[in-house]
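Thanks for making the time this morning. I would like to walk you through the ligand site of one model, so please have a look at it first.

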Amino acid sequence: MKIINIVGARPNFMKMAPIIEAMNKHPEKIQHLLVHTGQHYDQKMSKSFFDDLGMPKPDINLEVGSGSHAEQTARIMVAFEKVCLDEEPDLVIVVGDVNSTMACTITAKKLGIKVAHVEAGLRSRDMSMPEEINRLCTDVLCDYLFTTDHFADENLAAEGVSADKVFFVGNVMIDTLLKHREMVASLVFAEGRGLVSGNYATLTMHRPGNVDDKQTLQGILEALTEISHRVPIVFPIHPRTKKMAKQFGLDHFFNTGDKIEGIWITEPLGYLEFLNLNMNARMVLTDSGGLQEETTVLGVPCLTMRPNTERPITCEVGSNIMVGNCKKTILREAFKILDGEVAKGRVPDRWDGKSANRIVDTLLTVL
Ligand code: UD1
């Protein structure tokens, strides 16, 4: 069986790593190729993750780079079509909800190639998010849908997806977290940077909804500045946020010096270092998807600065609280946590480090 595995952007790498590892246990049955679309290309957004996760180098890099959504999607489709025609795979596997996920799905399906989606069924019901459009298009086309929780199963059932295409396997990103957790706990990244364990917050923020509008971004940065008077905030800044803050003249909110105080920015961090910082943080502030899940497993309080989430399980059983992007709400919930009001939650079912094995076992049965 010949399988093409797709990665494109930062959040894909830690999801694909355990799937490749699980496939390597069956060399007599599975031949696999790794295609990187090149959606993310910086050393710190891409290559460092391959090094940290011990992932094989991509067999093929489409090198599509940045562009508008249509440009990027189209470039991936044109380049990936050639790969499919040359390689004639039996199956393409896509993960997550980035533009690469949707573009490769459409391309493969139009050539009659089966596609499996890992992390299927997540829905924010927010069509202003490009990821929601990617999720919907991908799921409607895919032959095999691997889900992380009961909400995803229910969403797919409500959309009329036949149950025999849906497999509840758990969360491959958590496979990666659990694999590295113990080793990462013994690292001294936080202390090495002069941070006191439990006495700082970490921040990620890059969603267009938060950073592409000056007033919204300013309100969030004002809230974060107030929080940072009680605990410094470590912010590995995403290229998009850096660009927009500069454009709006808001970069004076950031501390770029050596002393860790205020909103202290760093370059994007590697997987291992960022996991170490998050597991030792008092709280995490984010607008990312994956961090809501990682903090749930780590038992670290998480405030998600979005109006909705496609990962409600992290609020139902985990440590995640939705705070939107309103300054007052962010401050209220952050101060509750800093005053010790913390809900730790529990780990969702099947987020147990074995999800990638379940996926590969399923594929060996159904294909
Ligand atoms: C993409 C995903 C988002 C994911 C995020 C993680 C889509 C629609 N969005 O958003 O779901 O949470 O990745 O980071 O697929 N840039 C660089 N270097 C890079 C990559 C990007 O400088 O290696 C800059 C470019 O200016 C680019 C901008 O970041 O235009 C945005 O990159 P893009 O891949 O379009 O989307 P992200 O915001 O990273």
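How far is an oxygen atom of the ligand from an N or O atom in the side chain of E131? That distance is 2.5 Å, and I should say at once that this is a predicted model, in which local features need pLDDT of at least 70 and side-chain atom pairs count only at pLDDT 80 or more, whereas totals for chains, interfaces and linings use all residues. Residues are numbered from 1 along each chain as its sequence is written, and side-chain values use heavy atoms, with hydrogens and water left out.

An oxygen atom of the ligand also lies 2.9 Å from a side-chain N or O atom of H206, and for the side chain of K243 the corresponding distance is 3.4 Å. Of the 740 Å² of accessible area that the ligand has on its own, the protein covers 88%, as computed by the Shrake-Rupley method with a 1.4 Å probe.

Turning to the surroundings, 21 residues surround the ligand, each having a heavy atom within 4 Å of it, and the closest are Q39, H40, Y41, N99 and E131. That shell divides into 6 nonpolar, 9 polar and 6 charged residues, where Asp, Glu, Lys and Arg count as charged, Ala, Val, Leu, Ile, Met, Phe, Trp, Tyr, Cys and Pro as nonpolar, and the others, Gly among them, as polar.

Methods:
A polar contact is a pair of N or O atoms within 3.5 Å; within protein, one must be able to donate a hydrogen and the other to accept it, and residues adjacent in sequence count only if both atoms are side-chain atoms.
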